Amino acid sequence: MTRHPPQASFLRQLSSPSVGTLVYPLVYPEEVRIGRDPRCQIVFDSQQHGEVSRQHACIRPVSHIPTHPLAQWQICDLDSANGTYVNGQRVQNCRTLRDGDRITLGQDGPRFIFEVYIPTEYSTPASAKLTPPSGAIAPHRVPKGESPQVFSATPSASFKPTSDALSLSQIFPILSTGSDLHRKAYLFPVLVTVSFVVLLFLTIGTDAFNGVLAAYLAGGTYYFVYRLCGKYKPWWLLVGSALLTALLLASPLLTLFIVVFRSILPGAIPEDLSSVSFPVLFVRMFFGAGLMEELFKAIPVFLAYAIGRQLRSPYREQVGIWEPLDGILIGTASAIGFTLMETLGQYVPSAINSTTLEVGAESGALLGLQLLIPRILGSVAGHMAYSGYFGYFIGLSVLRPSKRWQILGIGYFSAALLHTLWNSAGVVNVLALGVVGGLSYAFLAAAILKGRAISPTREHNFATQFL
């Protein structure tokens, strides 16, 4: 009988306290693979954990004593798309694990803690062997507050954690996690929301109330698209794109576009839409709304492309259009500026004035507010969808320069066609409008997913799961 100081190693998956903890034993000499591939020993569902690669990472022994059945362990990243992190640092190739190391698949994916347990009493035969797992590891669910059950060569041994000290960061969590709040806890979106709430209280009863509410709703819809794209673009560039489009709408350039598309080309849109047949209305909407407005909203995208070519790193990469995701982000930002100007400068004032003359100022203000909310929220399936879709093709033309004009032509006409369908569907009925809106958003979502798949910077993509 030979006595050795065995160390039983485990991966403790952090989960909801209400369901306890999942603990995976590590048994020499088996390698433990983690990913979405069913052949992995720790498997994650692809619908719930899209940030986890099929073969994401593996835990393998790095050294062992021949007469001892246990081993030290290291974690290796298997060229995953979103990376493997230990204590917040990205793993390059492999890294030896220490007791208490925190492992994260991607920046915000599943989390584990590597733990080592030692027995208070042990008596291990030199020839003892641990039974290796077969296929996927069956996790042991441990109720909150209890230690995991350890399977070793001495099953009767009593194990305890290497340390049960209560640290100051456990009493005051913000001391250790404060630096991660902005990245993992949606701190900034909540702070922005609180700021807008204060502004809304300050502007109640004034004309500025609608503008503050519209800005918040527009920012929320854009943040949704930004998170889906998962590529960083400076906030000043995105806000600047929206402001530029808004300023261009108030400039003589809009008059030039109207002359070209609605006077020279057959895009004259009648005030009474029912005064012309549907085919005639569709053609006029295609030229006077689809082609005109989509080209107008694409100006910031083309401008960013031209400016980016003249800059040096890192501004060259930040500003320029180098891939489809760049075009989508700037195109949708431009659409936000267009939507705000169109809604606050045309539709809401028109509704308020007409209703005020009929039934009074209070009813007019209420109708204007009711119109503002669906128009802004609906922009994700409207102007943002068309502009983002066209932006995808602009970025794709940069990746495939040999087919540039063919790609741009397809993108421009398809975005204009979606826009025309939306404007024309309103004449049919509300149900048709909903169908076209859903179709438009589906096109945008498909472009985002494809843009992420072919992105040259895919390994740095922070996109959340798409459902």
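Rings of Phe, Tyr and Trp (for Trp, the six-membered ring) are taken to pair if their centres lie within 6.5 Å, with planes under 30 degrees apart counted as stacked, over 60 as edge-to-face and the rest as tilted. The structure is a predicted model, in which local features need pLDDT of at least 70 and side-chain atom pairs count only at pLDDT 80 or more, while totals for chains, interfaces and linings use all residues. Residues are numbered from 1 along each chain as its sequence is written, and side-chain values use heavy atoms, with hydrogens and water left out.

A search of the whole structure on the ring criterion yields 15 aromatic pairs. In one of them, the ring centres of phenylalanine 278 and phenylalanine 282 are 6.3 Å apart and the planes stand at 40°, so the pair is tilted. Both residues belong to helix H8 (residues 278-297), where they are 4 residues apart, about one turn of the helix; helices (H or I, at least four residues) and strands (E, at least two) are DSSP runs, numbered from the N terminus. Phenylalanine 278, at 40% relative accessibility, is partly exposed, and phenylalanine 282 is likewise partly exposed, at 21%, where buried means under 20% relative accessible area, exposed over 50% and partly exposed in between (1.4 Å probe, protein chains only). One aromatic cluster is formed by Phe286, Phe287, Phe302, Phe390, Tyr412 and Phe413.

Helix H5 (residues 208-229) packs with helix H15 (residues 430-453) at an angle of about 35°, the axes being 9 Å apart; axes are lines fitted to C-alpha atoms, for helices over the stretch in contact, and angles run from 0 to 180 degrees between N-to-C directions. The contact (heavy atoms within 4.5 Å) involves Phe224, Val225, Leu228 and Cys229 of H5 together with Tyr441, Ile448 and Arg452 of H15. Of these contact residues, cysteine 229 is buried, with a relative accessibility of 0%.

The structure holds 1 disulfide, a disulfide being a pair of cysteine sulfur atoms within 2.5 Å. The bond joins cysteine 76 to cysteine 94, with an S to S distance of 2.0 Å, and the link is right-handed, with 110° about the S-S bond. Distant parts of the chain are thereby linked, since cysteine 76 lies in strand E6 (residues 71-77) and cysteine 94 in strand E9 (residues 94-96), 18 residues apart. Cysteine 76 is buried at 2% relative accessibility, whereas cysteine 94 is partly exposed at 34%.
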